[in-house]
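Here is my note on the structure you sent over. Have a look at it first, and then we can go through the strands together.

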Amino acid sequence: MRCPFCGSEDSQVKDSRPSDENAAIRRRRICADCGGRFTTFERVQLRELTVLKRSGRKVLFDRDKLSKSISVAMRKRPIEPERIDRLVSGLVRQLESSGETEITSAEIGELVMAALRELDPVAYVRFASVYRDFRDAADFHAVLRELASNVHDPLDLTERFGTPALDEIAIQKKH
């Protein structure tokens, strides 16, 4: 493994342990030349995936790129990083086990949106705004309306809190 500090290809593994619920091996390494310490991860790859972009270009699937885009959507949300890693691992497993070696970016985007929709609605809207290339507030409104149609009315406060006074406030806000 090439040292990220000096570029030497002579490094030694000092520690190995399972990571990501035994889906990866985390290795602590030390460079024999400069003494720099770094961590690498080793994962099983069922098949090499190629992503067909909207432009027609083909690129190799990059797990890190997927992870970063999901992390950006999840920024400052109350979701543990381990849960995001499990989400990414699940999506990658789903893509690899599909049997296809070439997957469109649209398929990946739809899988991510479906997963985020279940996990965190705010992250879903953030991801959708980039993925669907929102141009104005109407685009946000359409996605929020779509989300609201699949959820109980958030203004139904009697159901949530059981107080008639709050129910009156909800009725006033509805009208």
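The points below follow the sheet from its overall layout to its pairings and its turn.

1. Please keep in mind that this is a predicted model. Its sheet is open and has 3 strands in the order E1-E2-E3, and the pairing is antiparallel. At the edges lie strand E1 (11-19) and strand E3 (37-43), each of which pairs on one side only. From one strand to the next, the twist averages 25°.

2. How many bridges hold E1 and strand E2 together? There are 8 bridges between E1 and E2 (residues 24-31), again in the antiparallel sense. Two pairs are handy for finding your way along this ladder: Asp-15 stands opposite Arg-28 in E2, and Ser-19 has Ala-24 of E2 as its bridge partner.

3. On to the other pairing, where E2 and E3 run antiparallel and are joined by 7 bridges. Ala-24 turns up here too, standing opposite Arg-43 in E3. Taken across the sheet, then, Ala-24 is the bridge partner of Ser-19 and also faces Arg-43 in the E3 pairing.

4. Which residue in the turn between E2 and E3 has a positive phi? Gly-35 does, at about 80°. The two strands form a hairpin, with 5 residues between them.

5. A reminder for viewing side chains: in a regular strand they alternate between the two faces of the sheet.

Methods. Residues numbered from 1 in each chain as written. Predicted model: local features only at pLDDT ≥ 70, side-chain atom pairs only at ≥ 80, totals over all residues. Heavy atoms only, no water. Pairing = 2+ DSSP bridges. Helix = DSSP H or I, 4+ residues; strand = E, 2+ residues; numbered from the N terminus. Axes fitted to C-alpha atoms, helices over the stretch in contact; angles between N-to-C directions.
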